[in-house]
Amino acid sequence: EAKKAGRGELRFFSDAMNAAARDALVIDGALRHAIAANEFRLEYQVIAEAGSGKVGKVEALLRWRSATLGTVAPDRFIPVAEDSGLIVELGGWVLEEACRQAAQWRGGPLAGVRISINVSAWQLADPGFVPLVEATLARHGVPGALLELELTERVLIDDGPNVRNVLERLRALDVSVSLDDFGTGYSSLSYLTQFQLNTLKIDRAFVMDIEHSTRSNSLVHAIIAMGHSLGLQLVAEGVETDGQARILARMGCHYLQGFHIARPAAPEQLLLFVAPRSDAASGAAA
Ligand code: C2E
Ligand code: MG
Ligand code: MG
Ligand code: MG
């Protein structure tokens with residue numbers, strides 16, 4: 001393991017690997033203080049109902065502004081947090097913050113909007129995970145129906161029997177589960193019947209080509225048809241154009257998420273996004 005290797009061993013890395021390893025070491029070091037230093041926050045991206053355009057739910061996305069490194073993207077620091085196991089603590093922070101936010105939205109225009117959070121394999125494997133979810137919801141007085149957990153396909157293979165049990169207990173709490181980035185992992189269609197899932201999120205890689213590639217178009221069409229027949233909700237990720245949104249809505253995709261609808265934003269901006277919409281009938285401009 002590079003982290004534990006002495007200087008002598010690191011010397012044998014290629015320059016690029018060396019740089020990547022050093023990058024990970026630096027991030028790892030900075031991550032250790034980041035929760036205590038209050039360097040994280042959540043942004044929320046609208047997941048709109050395909051038919052009405054209304055906010056159906058929102059995905060919470062972790063943002064880190066490090067005092068020493070500046071803004072670091074999740075794709076850079078999440079893998080490092082997963083390697084060190086710190087993701088469990090970090091994921092706990094995300095759960096806490098999302099529930100706090102849901103409680104704060106109560107009584108306002110975002111009341112009842114479900115918050116979807118990303119959960120890593122390590123968190124799910126932790127025996128304390130379901131009790132933590134239950135306790136966090138209860139402490140904030142938030143019903144489980146307002147929480148959704150996004151898992152990736154890898155989680156399902158790594159620890160199948162345990163995950164099946166965890167998902168059943170989550171369902172008993174009314175918490176929904178979605179399969180993120182569907183189609184990019186080690187997809188086995190049998191997962192869709194083996195696990196209690198509510199939603200499939202079709203990966204951006206397929207959505208981005210549906211206007212111009214017949215194959216992507218057919219594939220997305222087939223995923224949507226399959227989801228319908230299994231009673232799953234469908235979310236298309238990475239919707240960037242009006243053309244994509246129209247095609248997906250016509251195919252029967254329930255929800256759309258992507259820059260075409262809205263970029264991830266701070267909670268205050270999200271309020272601005274919904275406020276004018278509820279007045280849309282009176283012709284209010286955005
Ligand atoms: P994800 O869960 O698949 O989240 C969607 C990512 O796509 C987000 O990137 C979002 O900003 C981006 N995105 C949304 N719409 C569009 C679009 O129209 N075009 C393009 N090009 N991108 C779009 P982000 O925020 O950088 O997060 C990247 C990944 O990091 C997430 O992918 C998720 O796997 C992970 N992540 C983020 N927050 C958390 C967290 O709290 N916990 C864990 N375990 N992972 C997280
Ligand atoms: Mg996600
Ligand atoms: Mg995704
Ligand atoms: Mg992703």
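Are Glu-59 and Glu-150 buried or exposed? Both are buried, and they make a good starting point for a walk through this predicted model.

**Stop 1: the magnesium ion (ligand 2)**

Select ligand 2 and show the side chains around the ion. You will find four coordinating residues: Glu-59 (OE), Asn-118 (OD1), Glu-150 (OE) and Asp-180 (OD), at 2.0 to 2.2 Å. If you like to search sequences by pattern, the donors of this ion are spaced as E-x58-N-x31-E-x29-D along the chain. Now switch to a cartoon view. Glu-59 belongs to strand β2 (residues 55-66) and Glu-150 to strand β5 (residues 147-151), so this pair ties together parts that lie 91 residues apart in sequence.

**Stop 2: Asp-180, the bridge**

Keep Asp-180 selected and add ligand 3 to the view. Asp-180 bridges the magnesium ions, ligand 2 and ligand 3, which lie 3.9 Å apart. With a relative accessibility of 7%, Asp-180 counts as buried, because the cut-off for that label is under 20%.

**Stop 3: the magnesium ion (ligand 3)**

Centre on ligand 3 next. Its protein donors are Asp-180 (OD), Asp-181 (OD) and Glu-237, whose OE appears twice in the list, and they lie 2.1 to 2.6 Å from the ion. Along the chain, the spacing of these donors reads D-D-x55-E. Click on Asp-181 while you are here: at 26% relative accessibility, Asp-181 counts as partly exposed.

**Stop 4: ligand 1 and its pocket**

Turn on a surface for the protein and select ligand 1, which sits in the largest pocket. Around ligand 1 there are 23 residues, and the closest are Arg-63, Asn-118, Asp-180, Glu-240 and Phe-259. Asn-118 and Asp-180 should look familiar, as both coordinate the magnesium ion (ligand 2).

Next, display the polar atom pairs, one residue at a time:

- Gln-45: an N or O atom of its side chain is 3.1 Å from a nitrogen atom of ligand 1.
- Asp-180: here the partner is an oxygen atom of ligand 1, at 2.9 Å from a side-chain N or O atom.
- Glu-237: a side-chain N or O atom lies 3.3 Å from an oxygen atom of ligand 1.

On its own, ligand 1 has 810 Å² of accessible area, and the protein covers 83% of that.

**Stop 5: the elements around ligand 1**

To finish, colour the cartoon by secondary structure. Strand β2, helices α3 (74-84) and α4 (87-105), and strand β6 (176-182) each supply at least two residues of the shell around ligand 1. Which element gives the largest share of that shell? It is β2, with 4 residues.

Technical notes:
Residues are numbered from 1 along each chain as its sequence is written. Chains are lettered from A and ligands numbered from 1 in the order in which they are written. This is a predicted model: local features need pLDDT of at least 70, side-chain atom pairs count only at pLDDT 80 or more; totals for chains, interfaces and linings use all residues. Side-chain values use heavy atoms; hydrogens and water are left out. Donors are N, O and S atoms within 2.8 Å of the metal (3.2 Å for Na, K and Ca); water is not among the atoms, so sites may look incomplete. Buried means under 20% relative accessible area, exposed over 50%, partly exposed in between (1.4 Å probe, protein chains only). A residue is near a molecule or strand if one of its heavy atoms lies within 4 Å of it. A polar contact is a pair of N or O atoms within 3.5 Å; within protein, one must be able to donate a hydrogen and the other to accept it, and residues adjacent in sequence count only if both atoms are side-chain atoms. Accessible areas come from the Shrake-Rupley method with a 1.4 Å probe; for residues, only the protein chains shown count as cover. On a 1 Å grid over the protein atoms alone, a cavity is a set of points where a 1.4 Å probe fits but cannot get out, and a pocket is an open set with protein on both sides within 12 Å along at least five of seven lines; lining residues have an atom within 4 Å of a point. A molecule sits in a cavity or pocket if more than half of its atoms lie within 2 Å of its grid points.
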